[in-house]
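Let us take a friendly walk through a protein model, one part at a time. Keep the sequence and the picture side by side as you read.

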Amino acid sequence: MSGLSARSLAKGSAPPGPVPEGLIRVYSMRFCPFAKRTLLVLKAKGIRHEVININLKNKPEWFFKKNPSGVVPVLENSKGQLICESAITCEYLDEAYPGKKLLPEDPYEKACQKMVFELFSKVPSLVTSFIRRQNKEDCADLKEDLQKEFSKLEEVLTNKKTTFFGGNSLSMIDYLIWPWLERLEVLELNECVDHAPKLKLWMAAMRKDPAVSALLIDVKAHKGFIDLYLQNSPEACDYGL
Amino acid sequence: MPGDGTKALAKGSCAPGPVPEGLIRIYSMRFCPYSHRTRLVLRAKGIRHEIININLKNKPEWFFSKHPFGQIPVLETSQCQLIYESVIACEYLDDAYPGRKLYPCDPYERARQKMLLELFCKILDYENTTFFGGDCISMIDYLLWPWFERLDVYGIADCVSHTPGLRLWIAAMKQDATVRALLTDKCVFQGYLSLYFRNSPSAFDYGLC
C-alpha cells in the first residue's frame, strides 16, 4: 500500500490534502508498535488505505490538528473524521468495514478479548522502560516484571487450550498484542518467554499469518532506529530509507 | 429482586449460589464509582439484576474466584460467565441485552465516545450539545457521571465553577430518571467517607439499618 515505506513528514512540511473517497488514511510511523496494530487490521481486512508517516522527533505543526496529543496512529477518512488511540482505531475499522470480523459477534467472547487486553496492558510501558534504561546490565527487575506479565498470558492460553488468544483462529486480540512480542528479538528479551511455551508457540503461529509476515520489521533496521531514537535524532523515523 | 441497600458480604460469609436464569448478578459496593457505572447501565436498560455488595476492606475468600484481585464491579451470568472492568461490563450489557442501545450505532460515533472516555481526566472543551453524545443522554454520560456526582460530596464542586458547560451538564444529568434513582444522599456519602478514612470495616454499610 502506498506510503508504508515513505519518508516521514516533519516540521515545515505542507499538510496533506483531504482523503480521497474510497480510501482511509493512517498517520503512522514505521517502527511504532501502536500504529502497527492499526496497520495489521487494515491489512487483515483488506481495507484500501494510504499511509502517511510522521517524524515523531520533529512533528509537523499541522499534525496537532489531527491529534492534539501529537501521537500516532490516527485514522482520517474521506469525511474528515479523525480517530485516535490504537485500540479504538482497530475496533472502528472492524465495525465500519465489511468482510471478516476480527472481534467476535458474541458479547461474552468480545468481553473476554477485552479482558485479555487489560491483562496485557502493563507490557507496553515495561518495554518502553527497558528501551530507555541506560545500563542494560541492570535490568533484572524489568525482565522479571515482563516475565510476570507474560505468565498471565501463558495462563490464558493454558486455560483456553487454543492456539490463539481468541480461539483456534487468529483474531483482534492477537493483533493487538503482537507488536510487542515481535520486538522481543531486537531487544534481546527472548529469555522473558522461556518459561512460557504456549506463548512461544503462539509467536511462531503469528509469524505465519499473512498480515503479520507482510508487515514484519527487519531486525537490523529496527536496531538502527532504536539507537537513533534514543539519541533523539530527527533521522530515526526514516532509518533505512 | 434485592435492591442496593443490602449489607456487604465479608470474610467468613457463605459464597452465593448460582445466578438464577433470567437474571444477571453484579458484585458491587454502594459507594464505588466504577460499579456505579455498571448499575447505571443496568438501570437505564431495564435489565433484571441482583446486587451483591462486597466489603472491600474485608473481602470474602470466595470472591477471589470471581475476580483474581477481588475487584468490583464483576458481572456474573446464569451460565457462570464472569465479566469485569467497569467499561467492559457496561459494553457487554449494551451488546447482550435488547432494547435501548446506549452506545451509538455509527462506528465513528462509537469511536468518538471511546476517545472522550480516554480524555476524561483532561476535559478541556467539548461541543455545544447538552450531553456528551448529543442531545440525548447516552453511554458516555453514564460512564462519566459517578465522578461528577461525587464532586459535591468531596467538597470540590468549585472545580466546575469556571466551566458553565459542565455545570449545565450536571444539572441536565440530575434530571435523568436513571441518575436520580441511583443518587446517593450527600450526608450518607459523607458519613461513609469519614468512616472509610478511619479504616472502619463498617464504612460500607453506613446508612443501612
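Helices and strands are DSSP runs, a helix having at least four residues and a strand at least two, and they are numbered from the N terminus. With that in hand, you can follow labels such as H10 or S1 below. Please keep in mind that this is a predicted model.

## Chain A as a whole

Start with the parts list. Chain A contains 10 helices and four strands. Following its sequence from start to end, you meet them in the pattern β-α-β-α-β-β-α-α-α-α-α-α-α-α.

Next comes overall size. A compact globule of 241 residues would have a radius of gyration near 18 Å, and chain A, at 18 Å, agrees with that. Along the principal axes, the C-alpha atoms of chain A fill a box of roughly 50 × 45 × 30 Å. Buried residues make up 52% of the 241 in chain A. The area that chain A exposes is about 11,100 Å², and 53% of this is supplied by carbon and sulfur atoms. If you take the contacts in chain A between residues at least 6 apart in sequence, 70% of them join residues at least 24 apart.

## Backbone details in chain A

Which kind of peptide bond leads from Val72(A) to Pro73(A)? This bond is cis, with omega near 5°. To find Pro73(A), look in the loop between helix H2 (63-66) and strand S3 (74-76) of chain A.

Two other residues deserve a look for their phi angles. Lys161(A) is not a glycine, yet it has a positive phi of about 60°. Its loop runs between helix H6 (140-160) and helix H7 (172-182) of chain A, and Lys161(A) is exposed, with a relative accessible area of 70%. Asn232(A), also a residue other than glycine, has a positive phi near 60°. You will find Asn232(A) in the segment after helix H10 (219-230) of chain A.

## Chain B as a whole

Now turn to chain B, which has seven helices and four strands. Here the pattern along the sequence reads β-α-β-β-β-α-α-α-α-α-α. Chain B has 209 residues, and 51% of them count as buried.

About 10,100 Å² of chain B is exposed, with carbon and sulfur atoms supplying 56% of that area. Among contacts in chain B with a separation of 6 or more, 67% come from residues 24 or more positions apart.

The UniProt record, an unreviewed entry, places the feature "domain: GST N-terminal" at residues 22-101 of chain B. In the model, this span is 29% helix and 20% strand, and its end C-alpha atoms lie 19 Å apart.

## The sheet of chain B

Strands of a sheet pair through backbone hydrogen bonds, either parallel or antiparallel. In chain B, four strands form an open sheet in the order S2-S1-S3-S4, with mixed pairing. Strand S2 (49-53) and strand S4 (82-84) of chain B are at the edges with a single partner strand each, so one side of each has no neighbour in the sheet. On average, neighbouring strands of this sheet are turned by 20° against each other, direction ignored.

Strand S1 (residues 24-28) and strand S3 (residues 74-76) of chain B run antiparallel and are joined by three bridges. Tyr27(B), for example, has Val74(B) as its bridge partner in S3(B).

## A helix packed on the sheet

Which strands does H2(B) touch? H2(B) packs on the sheet and touches S1, S3 and S4 of chain B, and its direction makes about 125° with that of S4(B). This helix, residues 86-96 of chain B, is mostly covered, as eight of its 11 residues are buried. Among the buried residues of H2(B) are Ile88(B), Cys90(B), Tyr92(B) and Leu93(B).

## Two prolines in chain B

Chain B also has a cis peptide bond, from Ile72(B) to Pro73(B), with omega near 0°. Pro73(B) sits in the loop between S2 and S3 of chain B.

Pro20(B) lies in the segment before S1 of chain B. Is Pro20(B) buried or partly exposed? Its relative accessibility is 39%, so Pro20(B) counts as partly exposed. Leaving aside neighbours within four places in sequence, Pro20(B) is in contact with Glu50(B) and Ser78(B). Pro20(B) and Gln79(B) are 59 residues apart in sequence, and from C-alpha to C-alpha they are 9.2 Å apart in space.

Methods. Residues are numbered from 1 along each chain as its sequence is written. Chains are lettered from A and ligands numbered from 1 in the order in which they are written. This is a predicted model: local features need pLDDT of at least 70, side-chain atom pairs count only at pLDDT 80 or more; totals for chains, interfaces and linings use all residues. Side-chain values use heavy atoms; hydrogens and water are left out. Buried means under 20% relative accessible area, exposed over 50%, partly exposed in between (1.4 Å probe, protein chains only). Contact means heavy atoms within 4.5 Å. Accessible areas come from the Shrake-Rupley method with a 1.4 Å probe; for residues, only the protein chains shown count as cover. Two strands pair if DSSP finds at least two bridges between them. Axes are lines fitted to C-alpha atoms, for helices over the stretch in contact, and angles run from 0 to 180 degrees between N-to-C directions. UniProt positions are given in the numbering used here, feature names are shortened, and annotations may be inferred rather than shown by experiment. The radius of gyration is taken over C-alpha atoms; the globule rule is 2.2 Å times the number of residues to the power 0.38.
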